[in-house]
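Here is a small set of exercises to work through with the structure open beside you. Try each task on your own before reading the solution.

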Amino acid sequence: MADFDIVALGEPLVEMNQTHKGQLQYLQGFGGDTSNAVIAAARQGARCAYLTRVGNDAFGAQFLDLWASEGVDTSGVQRDDDAHTGLYFVQHGPDGHAFSYLRRGSAASLMTPALLDSGLIERSQFLHVSGISMAISTSACDTVFAAIERAHAAGAQVSLDSNLRLRLWPVDRARAILRETMREADLFLPSMDDMQHLTGNDDPERTLDWIRDGGAAGVVVLKLGKDGSIIDDGKTRTPVAALRVDAVDATGAGDCFAGSLLARRCQGDSWEDAVRYANAAAALSTLGYGAVDPLPRTEQVLARLKSLAE
């Protein structure tokens, strides 16, 4: 029995979220895709740990307090006296939410494979990483590949969220790196939006064909936003409907999906049940502002699923 269900690796970011469109009022919160995902998983009852670097500053201390309060193990978090904790702003407009980042030279971007010496990966069922984890710097990308190698050597499974951010790297490099990484993943979680940039098409079936033709051998769950998800287990493709809600802020919804899905798989759910649960959790996470505060807990998700079944 592993000590942890999920260990995630990546970049935490302090979040400043605009609460009223057009007004210069921002609510401080917390973000960073894999940090969001591991907190979401912990709120669904999973045993979680996080691997990253933060600045030896007030924001870094706040993150350590946050993870501790959520029950996420921080023994793999390094503090940096010379580099800062990353920061981003969210603004809301007619075309959805827009992001502005202050992350260059952050502590997380300076991670190296030495970060992995805590041994957390070897004690976990799943390693969760993302495209952002690899895009923030060359050394971070090297760290992700080293983490995947450690996970496979220890018999852990690898989960990869595409999370394509073209501000961080050119599309050709992103395509090459993600295509290589998805071949190593036991679970690949691409979004349709991301895959349109990588494949040039907007058809889910053709997208899944592209992923399989590229060598992905694990389970693929293609996220379609308001249209739900498609599970491709290599033999069959199963659509799973989304939960419809009046969304307020979709920041972090995909991360909530990833963490919730992993948590439910660790708890024994079938793929279809786990994706249905994750769809509901992700939808509920859009009902408040920010990436972390609105992340639902198990009882909220189960109550909503029960109400739909009645």
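**Exercise 1. Follow a buried side chain**

Task: Find which backbone nitrogen the side chain of serine 124 reaches at 3.5 Å, then describe the surroundings of serine 124.

Solution. Start with the side chain: that of serine 124 reaches the backbone nitrogen of isoleucine 6 at 3.5 Å. Keep in mind as you go that this is a predicted model. Next, look at valine 7, whose backbone nitrogen lies 3.2 Å from a polar atom of the serine 124 side chain. Now place the residue: serine 124 belongs to strand β8, residues 124-130. Then check its accessibility. The relative accessibility of serine 124 is 6%, so it counts as buried, the cut-off being under 20%. Finally, list its contacts. With neighbours within four places in sequence left aside, serine 124 touches Ala2, Phe4, Asp5, Ile6, Val7 and Ala156.

**Exercise 2. Lay out the sheet**

Task: Write down the strand order of the open sheet and work out which strands stand at the edges.

Solution. Step one is the order: nine strands make up an open sheet, running β5-β4-β1-β8-β9-β10-β11-β12-β13, with mixed pairing. Step two is the edges. β5 (72-80) and β13 each have a single partner strand, so one side of each has no neighbour in the sheet. Step three is the twist, which averages 20° from one strand to the next.

Now look at the β5 end. Strand β4 (residues 48-55) runs parallel to β5, and seven bridges join them. To find your place in this pair, use threonine 52, which stands opposite valine 77 in β5.

**Exercise 3. Two hairpins that share a strand**

Task: Describe how β12 pairs with β11 and with β13, and decide whether the faces of β12 are covered or open.

Solution. Begin with β11 (residues 219-223), which pairs with β12 in the antiparallel sense over four bridges. In this pair, valine 220 is opposite aspartate 232 of β12. The two strands form a hairpin with five residues between them, and glycine 225 in the turn has a positive phi of about 65°.

Move on to β13 (residues 237-240): β12 and β13 run antiparallel and are joined by four bridges. Aspartate 232 turns up again here, opposite arginine 237 in β13. This hairpin has four residues between its strands, and glycine 234 in its turn has a positive phi of about 95°.

Last, turn to the faces of β12 (residues 229-232), which are both covered. Ser229 and Ile231 are buried on one side, and Ile230 and Asp232 are buried on the other.

**Exercise 4. An unexpected phi**

Task: State what is notable about the phi of asparagine 163, and say where in the chain asparagine 163 lies.

Solution. First, recall the background: most residues other than glycine have a negative phi. Asparagine 163 is not a glycine, yet its phi is positive, at about 30°. Second, locate it: asparagine 163 sits in the loop between β9 (157-161) and α5 (171-184). Third, check exposure. With a relative accessible area of 9%, asparagine 163 is buried.

**Exercise 5. Compare two helix crossings**

Task: For α9 with α10, and for α5 with α7, give the angle and the residues that make the contact.

Solution. Take α9 (residues 271-284) and α10 (residues 298-309) to begin with: their axes come within 10 Å and cross at roughly 110°. The two helices are therefore roughly perpendicular to each other, a label that covers 65 to 115 degrees. On the α9 side the contact is made by Arg276, Tyr277, Ala280, Ala281 and Leu284, and on the α10 side by Thr298, Gln300, Val301, Leu302, Arg304 and Leu305. Sorted by kind, the residues of this contact are seven nonpolar, two polar and two charged.

Now repeat the steps for α5 and α7 (residues 204-213), which pack at an angle of about 75° with their axes 9 Å apart. That makes α5 roughly perpendicular to α7. Arg175, Arg179 and Met182 of α5 meet Trp210, Ile211 and Asp213 of α7. Here the residues divide into three nonpolar, no polar and three charged.

Conventions
Residues are numbered from 1 along each chain as its sequence is written. This is a predicted model: local features need pLDDT of at least 70, side-chain atom pairs count only at pLDDT 80 or more; totals for chains, interfaces and linings use all residues. Side-chain values use heavy atoms; hydrogens and water are left out. Axes are lines fitted to C-alpha atoms, for helices over the stretch in contact, and angles run from 0 to 180 degrees between N-to-C directions. Angles under 35 degrees count as roughly parallel, over 145 as roughly antiparallel, 65 to 115 as roughly perpendicular and the rest as oblique. Contact means heavy atoms within 4.5 Å. Ala, Val, Leu, Ile, Met, Phe, Trp, Tyr, Cys and Pro count as nonpolar, Asp, Glu, Lys and Arg as charged, and the others, Gly among them, as polar. Buried means under 20% relative accessible area, exposed over 50%, partly exposed in between (1.4 Å probe, protein chains only). Two strands pair if DSSP finds at least two bridges between them. A polar contact is a pair of N or O atoms within 3.5 Å; within protein, one must be able to donate a hydrogen and the other to accept it, and residues adjacent in sequence count only if both atoms are side-chain atoms.
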